[in-house]
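Good morning, colleagues. I would like to take a few minutes to walk through one structure. Please have the sequence and the model in view as I speak.

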Amino acid sequence: YRKWIASSFRDPAQKIAVLDLDGRPAAFMTYFHSDLRDFFGLRFAMWRMALMDPASRGKGLGAKFMASLFHFHRGEGLDVIDSGLSLRNAASLNLHNRCGFKTVSTVVTFHKWLQK
């Protein structure tokens, strides 16, 4: 995760939203804009990665953070939020469902380690 976070800060196209609690980051989201008005008449927030401090989990902060991001993205003039997750991450899946996301597709990723 550290490499993903560091690369997000180095990429000028990535935007980072942080939930600050008492001067410390409790959650953050990396995302970018995708302007598809020429094709669909819509602008998208493409959520890339969300992380929640383990000590802050289970307190409803994830849903409040997402709700604040919905409001923020409306203010940016965006129309749709596109988010993805690993089906193995049940907590994230449940949070997305609680926040009104609808599953439109599932993808399975396979890994093959090549031995030398």
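I begin with a salt bridge: arginine 24 pairs with aspartate 53, and the closest N and O atoms are 2.9 Å apart. Arginine 24 belongs to strand S2 and aspartate 53 to the loop between S3 and H3, so this pair ties together parts of the chain that are 29 residues apart in sequence. Both partners are partly exposed: arginine 24 has a relative accessible area of 37%, and aspartate 53 has one of 23%. I should say at once that this is a predicted model.

How many salt bridges does a search of the whole structure find? The count is 2. Besides the pair just described, the side chains of aspartate 35 and arginine 37 meet in a salt bridge, at 2.4 Å from N to O. Aspartate 35 is partly exposed, at 43% relative accessible area, and arginine 37 is likewise partly exposed, at 47%.

Let me now step back to the chain as a whole. Its secondary structure consists of 4 helices and 4 strands, and along the sequence these follow the pattern α-β-β-α-β-α-β-α. The C-alpha trace spans about 50 × 40 × 30 Å along its principal axes. The chain has 116 residues, of which 28% count as buried. The accessible surface comes to about 9000 Å², and carbon and sulfur atoms account for 56% of that area. As for contacts between residues at least 6 apart in sequence, 47% of them join residues at least 24 apart.

I turn next to the interior. The largest nonpolar core contains 17 residues, and those with the most contacts inside it are Leu19, Trp47, Phe65, Met66 and Leu69. Which elements give two or more residues to this core? They are strand S1 (15-21), strand S2 (24-36), strand S3 (42-52) and helix H3 (61-75).

Tryptophan 47 deserves a closer look. Setting aside its neighbours within four places in sequence, tryptophan 47 is in contact with Met29, Thr30, Tyr31, Met66, Leu69, Phe70, His73, Ile81, Asp82, Ser83 and Phe101. Two of these partners, Met66 and Leu69, are also named among the core residues with the most contacts.

Several of these names return when we consider histidine 96. This residue is located in helix H4, residues 90-98. Is histidine 96 buried or exposed? Histidine 96 counts as buried, because its relative accessibility is 8% and the limit for that class is under 20%. Its side chain makes a polar contact of 2.7 Å with the side chain of serine 83. Beyond residues up to four places away in sequence, histidine 96 touches Met66, Ser83, Leu85 and Phe101. Met66, Ser83 and Phe101 also appear in the contact list of tryptophan 47.

Three residues in and beside the strands complete the survey. Arginine 43 is in strand S3 and is buried, with a relative accessible area of 18%. Which backbone oxygen lies 3.3 Å from a polar atom of the arginine 43 side chain? That oxygen belongs to glutamate 76. Leaving out residues up to four places away in sequence, arginine 43 touches His33, Ser34, Asp35, Leu36, Arg37, Glu76, Gly77, Leu78, Asp79 and Val80. That list includes Asp35 and Arg37, the two partners of the salt bridge at 2.4 Å. From arginine 43 to histidine 33, 10 residues away in sequence, the C-alpha separation is 7.2 Å.

Alanine 50 also lies in strand S3, but alanine 50 is partly exposed, at 46% relative accessible area. Outside the residues up to four places away in sequence, alanine 50 touches Phe28 and Met29. Its C-alpha atom is 9.5 Å from that of glycine 62, which is 12 residues away along the chain.

Finally, glutamine 14 sits in the loop between helix H1 (2-10) and S1. Glutamine 14 counts as buried, at 16% relative accessibility. Not counting residues up to four places away in sequence, glutamine 14 touches Ser8, Thr30, Tyr31, Phe32 and Arg48. Thr30 and Tyr31 are also contacts of tryptophan 47.

Thank you for your attention; I am glad to take questions.

Key. Residues numbered from 1 in each chain as written. Predicted model: local features only at pLDDT ≥ 70, side-chain atom pairs only at ≥ 80, totals over all residues. Heavy atoms only, no water. Core = buried A, V, L, I, M, F, W, Y, C linked by side-chain atoms within 4.5 Å. Buried < 20%, exposed > 50% of the residue type's maximum accessible area, 1.4 Å probe, protein only. Contact = heavy atoms within 4.5 Å. Salt bridge = Lys/Arg side-chain N within 4 Å of Asp/Glu carboxyl O. Polar contact = N/O pair within 3.5 Å; in protein donor to acceptor, adjacent residues only side chain to side chain. Areas by Shrake-Rupley, 256 points an atom, 1.4 Å probe, with all protein chains shown as cover.
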